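Hi everyone, thanks for making time. Could you pull up the model on your screens so we can walk through it together?

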Amino acid sequence: MALVFGGIAPYPWHAVKTQELMRGKTLDLASIPEWAQMLAKETAAELKKSAPRMQGLPSEGYTDEYRIQLVLGFFYKAVVNALRSQKIKVPANVASSGVMMWGNWPASDGVQSYANQDWKKPVAQPYIKTTAMLQTSGRLRYTHEVPMPAQTLNAAFVQSRRALATCWLTLPGTDVKIATTRLRDHLSKYADSFVDLITSENIKKSGMNMQGMGADQPLLAQGQVSYVGQAIALVLAETEQEAQRIADYVSEHCVAYGPFTWPAPWNVAPFNQGDWLKPVLTLDEAISLNSVYPDTPSAAVFLSHIWKIIRPGSRFDWTREKDPLDRSSSRRSVVLDGVPCLVVENTQTNGGQAHFYMEPQACIVLPEDEGHFTVRPSTQSPAAIHQTTAMALGLQYNHINVDIPPVGGGFGGKTEQTRFVAGPAAIAAQATKRPIRLVVPRDTDTGLIGKRHAYYGQYQIAVDEGKLNPADKGRILGFQTKMWGDGGAFYDCSFVVSNCIQLRTDNAYKVPNFESQIDVCRTNTAPSTAFRSFGDVQCKNIIENAVDDAAYAIGMLPEDLREKNLYDRGDVTPFGQALSYCYIKQVWAYLKEKSDYAKKRKSVDDYNRKNKWRKQGLAMMPVKYGSGYNLKLLEQAAAYVVVNQADGSLVVHQGGVEIGQGLATQVLQVAAYVMNVPMSLITVRGVQTQIIPNPTSTGASAGTPYSCEAVKQTCQVLRARLMEFGYEMLKSQGNDWCAKQGIDFWNRGEEGWSAPVSQGSTVIVWQKLINLAYSNRVNLMATFSTKIEGGTTQVPAMTFKPQDQQPDLPGVVQNPNIPLGGGVDSFVGFTYSAALSVVEVDILTGEVKILSSDLVYDMGWSMNPAIDIGQVEGAFIQGVGYLLTEKLVFEPQGAEEEGRLNTTNTWRYKIPAITEIPLNLNVHLFPRDLAADVPDETNDIFSAKEVGEPPLVLANTVFLAVKAAIRASRVERGLDGLFRFDAPATVQEVRSVCEVSIKDLA
């Protein structure tokens, strides 16, 4: 017998002492604790021995404790399998622990269902995305694939290797500050392909280096750096590979760092000493230090941060004050509103998430005649890039044309943060007067660009114990949560994200005593930014864990407690918006039916009774998701439609960016429906700011509906004009003449303009009508700027932090005269959805498998069920990645490059793979007629709702199902079922929370 393990030492390691202890003994389960005790000590000693050899390697975030747990888990499995192979009987409830499921799960399957309205054709039909074949065959050219003119220079970022420091340029082997010209001379000798080095010195006096929503983040660093990966300079070279090679050389050898000190007026205590002079790398450190962003930065007077949402009339004498970092969990009894309640206290933490879009950040900038520039970025936000480029170059906006090629995914990471790619590229183009191509490699991109906000929440929830009325058991009478978000090194859009969270913390539950509080912290990491679901997945992770804990504490199934507290139509949210079109209860009931909830619940309970070391968990939760930007000025869209007289073909210009979500396809369907012409006659072009100025950013799930609404109304203008012309011809020339001209659409029934002129003809009435209209000088162009209806009323119930409680944060100049509050509008509407997930957890290793996920999503009436279901599935799996596998790991404090993100590619950063797809994934678009008594939202286009972001939040059902499986194991082994379980639920986190002791292995 030999015990050999990998991953413990730098070589296959033999557990010699444990082997000797086992030698000559009878193999049985009763002896495992004794052997495991020796194996644990032996493993710990080997890890300590190997530690010096592992120093200097990037941290992967795995602890020695978890490695020891894995060794013991696999040892137990090996013993069970050995006993079974020898036909020695093992207890039935532990036999499954030896089954190796990894790589042996069956293939995933599932169903998709929807109902549509055929009378809206081609709207409401499941058309394949128009770019799908081009994307899958590699024929769609993204920014980095656009052909470039001669004289193009390739650019690459010089990045910071420190999290908080002063910095300067130097020569290799020294730390003496030198002029940029001297370093340029050195690099010219180092590499023949070197052309130039662009720094903040290249920004003209009329240009602006400090940008972003807080006007506090430099495009290129100026004497100090705030996070590892921050851009210091751009290297320009003849080829992409050479630019990157030289940039890496400069980053490593030609940048020196010194201690950081805060300038006046912060060069006094406490900011000139202790932790304020060190990088703040974790949210806990920021909370402890009170490194919190104030609401009144003088550089960005428009920022607005909702500190609290309090339901009017709420009382909180049932809560108790706690230290922000008190993570203890507890239960206590109180009387609230005259009702005996159980109060449960606990905390929840969730991490950040890299966007990991298919196409990394890239930008092309072309200098043109008369001082004009064309910018071709990979972005979701043309207006933001328009602004940044004009400001960086010190030019009028009419000198900049932002022309968006197809974008290979964004997820929010290509909104605000693309400024810091496009801006430096534009500066380089202006400085060299040559085209610039900046293509950011994956590792550079992930280190440079901000991520999803990590959040920490501390909650107290009060639940009716049912002592006065058993039927009321489980009613949530009070909820208070305090949350802190990790904003990273600069403001970016952290306040916008926190506001979105504040307006969604109630989820789908009516709670009479409700309070939610949020502060955003500053850390020395890449500035956290927009991400699909805009904070809601983090928020729901905290809120739903509170509900889950309360249900366990009071002895109810979580899904029963959730159902008891769902909103009814006409209820009002804590912030004061009426739910006039709410049908979450109908969605919930439909999910129960389609998922066969009762059968799944029984199956999970039966499985857990029969298995000790493999446990299943089930979770079901609703999501109410508010639509829109909560800012009236963003809720508008424009379109421009032109018709070519020769063949009647149409070109549609609109402000939405095609990011792979099918926006252009649905715009095409809408245009074809309104104009009543074949889709083949229409093409939808990408965004150009010289054609569609001031386009609203494509995000918040609003890009497709906003663009479709603008195109619908523009086409209606054009259609009305052409119909009027046709009827004028009928009136002046008569029906026979019009029929001979082939323009008599009034005789063609439903086909109308799309009818062939004559039998067998390939020419349609539309084409004849257009040709005649042109000859009569009818305007064949139409434009329309639409105001998106709804969401224009300011949120009535918000609390803003008083000026005397604003934190003093070094480096942030505050303006106490800025009025606090305002700038937050209500939602345009709401979408309602729900999901049920079942998982299986290996308690000995922490491995998780999703057995099934049933999703019911409220689209209203879908404009394209194929695309929408794809969006539901994609968002859900992205959420699964966030909550299960995608852990950001930073180099810990004390290392030379502390704060460096080590999980920058798939070697260490684990995005979802085929193993994370549920074995059974069923997606149902909620049949809107099942809630026929609830009118359609008046603001929905063609009665369709948004889809990009809300389904991601449903992935919390997977996390909660894992928690349920862990709880089943803990309770069975006599441990408390109320415990802290943070996200992401990596194998390490799962195994740690299971708290399997050596005596449990007996």
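I'll talk about a mixed sheet, then a buried strand, and finally some salt bridges.

A quick word on the ground rules. This is a predicted model, in which local features need pLDDT of at least 70 and side-chain atom pairs count only at pLDDT 80 or more, while totals for chains, interfaces and linings use all residues. Residues are numbered from 1 along each chain as its sequence is written, and side-chain values use heavy atoms, with hydrogens and water left out.

Let's start with the sheet. When I say helix or strand, I mean DSSP runs numbered from the N terminus: H or I of at least four residues for helices, E of at least two for strands. Two strands count as paired if DSSP finds at least two bridges between them. Here six strands make an open sheet with mixed pairing, and the order is S12-S21-S20-S19-S14-S13. Which strands stand at the edges? They are S12, residues 308-310, and S13, residues 330-336; each has a single partner strand, so one side of each is left without a neighbour in the sheet. From one strand to the next, the twist averages 15°. At the S12 edge, three bridges connect S12 with S21, residues 513-521, and the two run antiparallel. If you'd like a landmark, find Lys308, which stands opposite Gln517 in S21.

Two helices lie across this sheet. For these, contact means heavy atoms within 4.5 Å; axes are lines fitted to C-alpha atoms, for helices over the stretch in contact, and angles run from 0 to 180 degrees between N-to-C directions. Helix H12, residues 494-502, lies across S12, S19, S20 and S21, at about 165° to S21. Helix H13, residues 536-554, lies across S13, S14, S19 and S20, at about 35° to S19.

Now please scroll to strand S27, residues 830-842. How many of its residues are buried? The count is 13 of 13, where buried means under 20% relative accessible area, exposed over 50%, and partly exposed in between, using a 1.4 Å probe and protein chains only. Phe830, Tyr832 and Glu840 are among the residues pointing one way, Thr831 and Val841 among those pointing the other way, and all are buried. S27 pairs antiparallel with S22, residues 614-626, through 13 bridges, and Pro622 has Ala834 in S27 as its bridge partner. S27 also pairs with S28, residues 848-857, in the antiparallel sense over nine bridges. The hairpin of S27 and S28 has five residues between the strands, and Gly846 takes a positive phi near 90° there.

Last topic: salt bridges, meaning a side-chain nitrogen of Lys or Arg within 4 Å of a carboxyl oxygen of Asp or Glu. The whole structure has 54 of them. In one, Arg908 meets Glu60, with the closest N and O atoms 3.2 Å apart. Arg908 lies in the loop between H21 and S29 and Glu60 in the loop between H2 and H3, so this pair ties together parts that are 848 residues apart in sequence. Arg908 is partly exposed at 27% relative accessibility, and Glu60 is partly exposed at 35%.

Another salt bridge joins Asp571 and Lys510, at 3.3 Å from N to O. Asp571 counts as buried at 12%, whereas Lys510 is partly exposed at 42%.

Finally, Asp605 and Arg601 form a salt bridge at 3.4 Å. They are four residues apart in helix H16, so about one helical turn separates them.

That's my tour, thanks for listening!
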